[in-house]
Amino acid sequence: MLFGIDRLEEYDKLFRGKRLGLITSPTGIDSQGRTTIELIHKRFGLRALFSPEHGVRGNLAAGETVDSYRDEETDVQVYSLYRENSKRLTEEMLRQVDAVVYDIQDVGTRYYTFLYTLQYALEDCAKAGKSLIILDRPNPLDGATVEGNCLREECRSFVGGYPLCMRYGLTAGEFAAMVNRRERLGSDLHVIPCHGWQRGMQFPDYGTVWVPPSPNIPRFDTALLYPGTCLFEGTCLSEGRGTALPFEVVGAPFLRAEELAGRMNRKGLPGVWFRPVHFIPSASKYSGRMCGGVQIHVTDRKRARPVDVGIHLLSDLRAEYEEFMFLPPEKESGRRFIDLLSGDSALASSVRAPEDILEEYRLESLRFREQTEQYQLYK
């Protein structure tokens, strides 16, 4: 398996003689573990580093904003793309470079912010007449399975900036090519493809190490469950932040763990098993308080359907516990976070059987997969 960064020599002409800026994170490494920052700076020189959420070195917490600073290893100026007032490349930033390079391992889920950092870079580079070079990486969840609904226009935000399904089955390069063509951006876009990846492959099939894309996605199983369990960020339930198992455990002080696990296991959802757990988060919701809930164990990663898991669990808790609630609308936007995550206000606004919700999602995901086949770079 070769990632885009492993193929610099083959695509040397794309970089040579250009002033380069790089958008990356700790996942930007080659197959031998060398960082993309190191490789590009040594071979071509870097004029600027552009930092997504969590920082280019992974030293910033989720949601933490910062303006600019110098990278201690290279002394290259780092400009934040996760500022309090903007997530964009500015004209001043782009005047310093001829091309922007992007190399981040995404997690294949619509809610993850790195994808919209890429989308904004695509739009900003097109507007400024700058090249965008993507060092592509496989979708870790695979490129064949699509799940969930498509984002509605009124629910666009930085946790859902484009009408994708919850689990969208594209690589970063394929996503960018799709946006560039659909939106007629006219970006000078170049995708350096991976070698050896097939669409049915998941991350454990690569034979390489998992580098956490962010502090709360520490394992591949976390990433696999994330399309379903991230929905609980929009509820009063703990999604496991502040524990060793974020997005793998769900709970609250009022939940009865054994009963919940029993009900969920009787549903017979493929590829997962629910174990009753008790935990005390050290941060975020219910910090310092004992919570009952479930840990979702992946027993068959190929058969597991995380969106199904999330919707069934959400529906059960909503029906069984009067204490359950969705978080109120945000003061500034007036929008509920669950609507931004689910991509549709209908999930929280109406009470429907999970089977009905998932059938609607299934039809939407089938249409999305058919519509995006033309942008696939890998078979």
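**Notebook: two sheets and the helices on them**

I began with helix H7 (residues 257-266), which lies across E11 and E12 and runs at about 170° to E11. I note at the outset that this is a predicted model.

Next I looked up the sheet under that helix. Three strands form an open sheet in the order E10-E12-E11, and their pairing is antiparallel. I found E10 and strand E11 (272-279) at the edges, each pairing on one side only. From one strand to the next, the twist averages 20°. Between E11 and strand E12 (residues 291-298) I found eight bridges in the antiparallel sense, and I traced one residue pair, in which Cys291 of E12 is the bridge partner of Phe279. Helix H8 (residues 306-320) also lies across this sheet, on E10, E11 and E12, running at about 160° to E12.

Phe279 led me to Thr243, which sits in the loop between helix H6 (220-229) and strand E10 (249-252). Leaving out residues up to four places away in sequence, Thr243 touches Val249, Phe279 and Pro281. Is Thr243 buried or partly exposed? Its relative accessibility is 22%, and because buried means under 20%, Thr243 counts as partly exposed. I then followed its side chain, where a polar atom lies 2.7 Å from the backbone oxygen of Gly240, while the backbone nitrogen of Leu245 is reached at 3.0 Å. I also took the distance from Thr243 to Phe50, and their C-alpha atoms, 193 residues apart along the chain, are separated by 30 Å.

I turned to the other sheet I had listed, in which seven strands form an open sheet with mixed pairing, in the order E3-E4-E2-E1-E5-E6-E9. Strand E3 (68-70) and E9 stand at the edges with a single partner strand each, so one side of each is left without a neighbour in the sheet. Ignoring direction, neighbouring strands here are turned by 25° against each other on average.

I went through some of the pairings one by one. E1 and E2 pair in the parallel sense over three bridges, with Gly21 standing opposite Ala48 in E2. E2 and E4 are likewise joined in the parallel sense over three bridges, and there Leu49 has Val78 of E4 as its bridge partner. E3 and E4, by contrast, run antiparallel, again with three bridges, and Arg70 stands opposite Gln77 in E4. The hairpin of E3 and E4 has six residues between the strands, and in it Asp75 takes a positive phi near 65°.

I checked how strand E4 (residues 77-80) is covered, and found both faces covered: Gln77 and Tyr79 are buried on one side, Val78 and Ser80 on the other.

Which residues of helix H2 (residues 36-43) are buried? I found Thr36, Ile37, Leu39 and Ile40. As a reminder to myself, an α-helix has 3.6 residues a turn, so residues three or four places apart point the same way. The cover over the buried residues of H2 includes strand E1 (20-24), strand E2 (48-51), strand E5 (99-103) and strand E6 (131-135). Just after H2, I noted that Gly45 takes a positive phi of about 85°. A second helix, H4 (residues 114-128), lies across E1, E5, E6 and E9, and runs at about 150° to E6.

From there I looked up Ser187, in the loop between helix H5 (172-182) and strand E9 (188-192). Ser187 counts as buried because its relative accessibility is 9%. Apart from neighbours within four places in sequence, Ser187 is in contact with Leu122, Ala126, Leu132 and Asn180.

Last, I stepped back to the whole protein, which has eleven helices and twelve strands. Its C-alpha trace spans about 65 × 40 × 40 Å along the principal axes. For 379 residues a compact globule would have a radius of gyration near 21 Å, and the protein has 21 Å, which agrees. Of the 379 residues, 58% are buried. Among contacts between residues at least 6 apart in sequence, 72% join residues at least 24 apart. The protein exposes about 15500 Å², of which carbon and sulfur atoms supply 47%.

Notes
Residues numbered from 1 in each chain as written. Predicted model: local features only at pLDDT ≥ 70, side-chain atom pairs only at ≥ 80, totals over all residues. Heavy atoms only, no water. Helix = DSSP H or I, 4+ residues; strand = E, 2+ residues; numbered from the N terminus. Buried < 20%, exposed > 50% of the residue type's maximum accessible area, 1.4 Å probe, protein only. Contact = heavy atoms within 4.5 Å. Polar contact = N/O pair within 3.5 Å; in protein donor to acceptor, adjacent residues only side chain to side chain. Pairing = 2+ DSSP bridges. Axes fitted to C-alpha atoms, helices over the stretch in contact; angles between N-to-C directions. Rg over C-alpha atoms; globule rule 2.2 N^0.38 Å. Areas by Shrake-Rupley, 256 points an atom, 1.4 Å probe, with all protein chains shown as cover.
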